[in-house]
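Work through the exercises below with the sequence and the model open. Each task is followed by a solution in steps.

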Amino acid sequence: MTLQPQEGGRRPIDRILAPGFADDVTALDFAELRSRRHLAEQEEVDLSYARRLLQGRLDLLRAEQAQRATARDGVDVGARTDAEIARDLAAVLADHGPRADHGLGRHLTTDPSRVGEHRRAAEQAVDDVAASNPASLDEAGLAAAIAHLGELEHAISENRHRVQAIMDLLTAEVARRYRDGEARVEDVLSGQ
């Protein structure tokens, strides 16, 4: 999984984080400005999706680690029933809105565009650490898997914040043009 932008790359993140993408936005044609803003918005959504996939896997690994710690503390957790496993999994995967320790809590209206690509990348990262079956990992393996996925999630978060900064810059310029009368909704709707 290549997380860092590649110079001269063709992926959206490579283009958005390339030098010059958001330079002198006041000189951009309005259609180009809106196109770049849309590209940045879509990439933010896609990065958010990939990040959430990794967070879900991390939550599962941490739940396994917590269960083991409880067992080590002398609490007999015994074998869990399928119903208990399903309940715990649902709780881990439930989306309770923005996390206190992650994200900016933006309301996104765009759907992820590269769901399959991000799912494959997250699954590849998970497969690399055998995290799809946390019970099969020993203590050291579990800790290493958590650390590895945590690093991947952190790298995605950093790139997401960089994309958000560019999107904010482009959005501010779009708003300024509307506010100053340089752009009109009617023109956008009519394709001018």
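A crossing of two helices is left-handed if the near helix is turned anticlockwise from the far one by less than a right angle, and right-handed if clockwise. The model used here is predicted.

**Exercise 1.** State what secondary structure the protein chain contains.

Solution. The protein chain has six helices and zero strands. Along the sequence, the pattern reads α-α-α-α-α-α. Of the 192 residues in the chain, 36% are buried.

**Exercise 2.** Compare the expected span of helix α2 with the distance between its end C-alpha atoms.

Solution. Helix α2 covers residues 30-72, which is 43 residues. The expected span is 1.5 Å times one less than the number of residues. For α2 this gives 63 Å. The end C-alpha atoms of α2 lie 62 Å apart, in agreement with that value.

**Exercise 3.** Describe what is found at the N-terminal end of α2 and just after the helix.

Solution. At the N-terminal end, Asp29 acts as the cap: one of its side-chain oxygens is 3.0 Å from the backbone nitrogen of Ala31. Just after α2, Gly74 has a positive phi of about 95°.

**Exercise 4.** Work out how α2 and α5 are oriented to each other, and give the handedness of their crossing.

Solution. Helix α5 comprises residues 139-179. The packing angle between α2 and α5 is about 155°, and their axes are 7 Å apart. Angles over 145 degrees count as roughly antiparallel, so α2 and α5 are roughly antiparallel to each other. The crossing of α2 past α5 is left-handed. The residues of this contact comprise 20 nonpolar, eight polar and 17 charged.

Methods:
Residues are numbered from 1 along each chain as its sequence is written. This is a predicted model: local features need pLDDT of at least 70, side-chain atom pairs count only at pLDDT 80 or more; totals for chains, interfaces and linings use all residues. Side-chain values use heavy atoms; hydrogens and water are left out. Helices (H or I, at least four residues) and strands (E, at least two) are DSSP runs, numbered from the N terminus. A polar contact is a pair of N or O atoms within 3.5 Å; within protein, one must be able to donate a hydrogen and the other to accept it, and residues adjacent in sequence count only if both atoms are side-chain atoms. Axes are lines fitted to C-alpha atoms, for helices over the stretch in contact, and angles run from 0 to 180 degrees between N-to-C directions. Angles under 35 degrees count as roughly parallel, over 145 as roughly antiparallel, 65 to 115 as roughly perpendicular and the rest as oblique. Ala, Val, Leu, Ile, Met, Phe, Trp, Tyr, Cys and Pro count as nonpolar, Asp, Glu, Lys and Arg as charged, and the others, Gly among them, as polar. Buried means under 20% relative accessible area, exposed over 50%, partly exposed in between (1.4 Å probe, protein chains only).
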